[in-house]
Amino acid sequence: MKLALFLLASLPVWAAADASEIMARVAANQDRSEQLRGRYVYRQNTAIRVRDNHSGLTREELTVYEMFPTPEGVGRKEVSFAGKYREGKAMLPYAKSGEPMGQGFRNEADAHMCKNLRDDLTANKNGKDGIAPKLFPLTSAEQAHYIFELKGEEVVKGIPVYRIAFHPKKDDTDDDRMWAGEVLVSRDEGEPVVVSTKLARGIPLVVRTALGTNLRGLGFTVTYSKFEDGVWFPVSYGTEFDVRILFIYSRKIAVSLTNTDFKRASSETLITFDK
């Protein structure tokens, strides 16, 4: 009985330590995976949709990119773009992200919202795959700002995983690190399988009351799949949330990204000589 009580009393400390060890392995594997991703080219499909509470869809942007390795990480080339916005009861096309098509403040705000979300969330310069690294505490640098707790083990899509919860340290006031959530980690390979986040700290009440600005439901989910050479790629990524600004702009916004058509990159060199 004494031994059982001792083990139960020790369990929270053991779980916390074990979670740290698991996430340290994840951090090491993230560096390795980022290097291996540089061997691949693939296609990235992004979709941004903006809706209001009355007429439904007000703006949509669908973009396809070819992704390719660069010395700095990853580059991308736009293959196609299809945008449309609401004008009265009709949805009209446009050809470039950020164009303030239509009249009025809301149309202009929709245009800026789409462009900023696309640039910040799917084309982040600090992310090796376009995804902002501060959204998910996977690397060593980001993990230093969070506390992790092992919740248990399970099997997801045939993969044995650890379920680990996380939240920012109380003394960390960086607005870029305000996420709480869970990460499912492959038990055998120490790679993230699914990461889900939500806001750990909401917008201050004084801001919501005085300015009428609020975010509800903001959070992100990214899923990974294993490819050859043991490299794990983020294959889908998305968020959906409500935003209200200055009492006059209210929207439901959805952002999604999928990576497909992975191929090993090849290098060809042609040398010519002057006569």
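A salt bridge here is a side-chain nitrogen of Lys or Arg within 4 Å of a carboxyl oxygen of Asp or Glu. By that rule, the count for this chain comes to 12.

Before you click around, note that this is a predicted model, where local features need pLDDT of at least 70 and side-chain atom pairs count only at pLDDT 80 or more, while totals for chains, interfaces and linings use all residues. Residues are numbered from 1 along each chain as its sequence is written, and side-chain values use heavy atoms, with hydrogens and water left out.

**The whole chain**

Start with a cartoon view: there are 4 helices and 12 strands. These are DSSP runs numbered from the N terminus, with helices (H or I) of at least four residues and strands (E) of at least two. Of the 275 residues, 41% are buried; buried means under 20% relative accessible area, exposed over 50%, and partly exposed in between (1.4 Å probe, protein chains only).

**Into the core**

Select Phe-136, Ile-164 and Tyr-237 next. They have the most contacts inside the largest nonpolar core, which has 43 residues. Such a core is a set of buried Ala, Val, Leu, Ile, Met, Phe, Trp, Tyr and Cys residues joined through side-chain atoms within 4.5 Å. Helix H2 (residues 105-121) gives the largest share of this core, 5 residues. Apart from it lies another core, of 9 residues, including Tyr-42, Tyr-65, Val-231 and Val-235.

Now stay on Phe-136. Leaving out residues up to four places away in sequence, its contacts (heavy atoms within 4.5 Å) include Ile-131, Val-195, Phe-220 and Tyr-237.

**Charged pairs**

Show Glu-66 and Arg-43 as sticks: their closest N and O atoms are 2.4 Å apart. Glu-66 sits in strand S2 (residues 57-70) and Arg-43 in strand S1 (residues 40-51), so this salt bridge ties together parts 23 residues apart in sequence.

Next, pick Glu-189, which pairs with Lys-226 at 2.7 Å between the closest N and O atoms. Because Glu-189 is in the loop between strand S7 (179-186) and strand S8 (192-199), and Lys-226 in strand S10 (residues 221-226), the pair links parts 37 residues apart in sequence. Glu-189 is partly exposed, at 27% relative accessible area, and so is Lys-226, at 44%. Then select Arg-49, Glu-60 and Lys-84, joined into one network by salt bridges that share partners.

**Two backbone stops**

Most residues other than glycine have a negative phi. Go to Lys-157, where phi is near 55 degrees. Lys-157 is in the loop between strand S5 (146-156) and strand S6 (159-168), and counts as exposed because its relative accessibility is 84%. Finish at Asp-261, also with phi near 55 degrees, but within strand S12 (residues 249-264).
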